[in-house]
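Biologist: Thanks for sitting down with me over this one. Could we go through the fold together, starting from a single residue?

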Amino acid sequence: MKSILWKILWIIGTIIACALWFLLVGFIGFGINVAINMTTQPAEPSLNTNLWVTVICIGWIVLVILSVIMWKRWNLKCQACKCWGALTLEKTELAKQEKISVLMEMEHRDWQGNVTGHHDQYIPGKRKTYLYTYKCKRCGNLENRTQTRDNPSI
Ligand SMILES: [Zn+2]
């Protein structure tokens with residue numbers, strides 16, 4: 001749950017950065033337009049609207065790409081030397097496999113195949129726990145992370 005929260009915060013941060021970029025470019029564009037209008041004679045249509053839209057769009061793309069790269073680097077941060085993006089995946093192993101019941105929503109259909117309702121049913125499944133071992137490129141620190149996945153058997 002914690003990592004989902006961080007992800008949401010990260011996305012909100014990216015959106016705020018994009019909004020700030022929009023405001024910044026908007027202010028600069030407005031300022032330049034005012035300056036042009038003061039020096040040239042009035043009623044000349046502002047020809048650089050397309051330019052500003054392009055600048056804003058390129059800025060957004062760059063911000064989103066940067067944000068994704070930083071997110072990945074942050075996820076691979078070494079806890080020992082605090083270096084971002086230093087961890088590399090050494091090995092993946094299946095640490096544990098348990099039999100579980102997975103709650104599934106089953107659909108009721110009439111003879112035409114239309115959905116008429118739902119009911120919940122427990123289906124046998126497997127819970128697999130994967131163990132990922134990461135190694136730091138800088139200091140050689142080993143870090144373990146686990147991930148569990150629930151899969152129904154059918
Ligand atoms: Zn390290």
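Biologist: Which residues does C81 touch, not counting those up to four places away in sequence?

Modeller: Happy to help, and a word on the ground rules: residues are numbered from 1 along each chain as its sequence is written. This is a predicted model, in which local features need pLDDT of at least 70, side-chain atom pairs count only at pLDDT 80 or more, and totals for chains, interfaces and linings use all residues. Two residues are in contact if their C-beta atoms, placed from the backbone, lie within 7 Å. With that cut-off, C81 touches A86, C136, R138, C139 and N141.

Biologist: Is C81 buried or exposed, or something in between?

Modeller: C81 lies in the loop between α2 (49-75) and β1. A residue is buried if 20 or more other C-beta atoms lie within 10 Å of its own, exposed if 12 or fewer, and partly exposed in between, with C-beta atoms placed from the backbone. C81 has 13 other C-beta atoms within 10 Å, so the class is partly exposed.

Biologist: How far apart in space are C81 and C139?

Modeller: Along the sequence, 58 residues separate C81 and C139. From C-alpha to C-alpha, the distance in space is 6.9 Å.

Biologist: What pattern do the helices and strands follow along the sequence?

Modeller: Helices (H or I, at least four residues) and strands (E, at least two) are DSSP runs, numbered from the N terminus. There are two helices and three strands in the protein. Read along the sequence, they give α-α-β-β-β.

Biologist: Why is the protein described as more spread out than a compact globule?

Modeller: The comparison uses the radius of gyration over C-alpha atoms and a globule rule of 2.2 Å times the number of residues to the power 0.38. For 154 residues the rule gives 15 Å, and the protein is well over that, so it counts as more spread out, with a radius of gyration of 26 Å.

Biologist: What separates the centres of domain 1 and domain 2?

Modeller: Domain bounds come from an automatic or database domain assignment. Here that assignment gives domain 1 (2-75) and domain 2 (87-152). Taken over C-alpha atoms, the separation of their centres is 39 Å.

Biologist: How many bridges join β1 to β2?

Modeller: Two strands pair if DSSP finds at least two bridges between them. β1 (residues 87-109) and β2 run antiparallel, and K99 stands opposite K126 in β2. The two form a hairpin with five residues between them, where G113 in the turn has a positive phi of about 90°. The number of bridges is 21.

Biologist: And in β3, which residue is the bridge partner of K128?

Modeller: β2 and β3 (residues 142-152) pair in the antiparallel sense over eleven bridges. Five residues lie between them in a hairpin, and G140 in the turn has a positive phi of about 80°. The partner of K128 is R149.

Biologist: Which strands stand at the edges of the sheet?

Modeller: The open sheet has three strands in the order β1-β2-β3, with antiparallel pairing. Each edge strand has a single partner, so one side of it is left without a neighbour in the sheet; these strands are β1 and β3.
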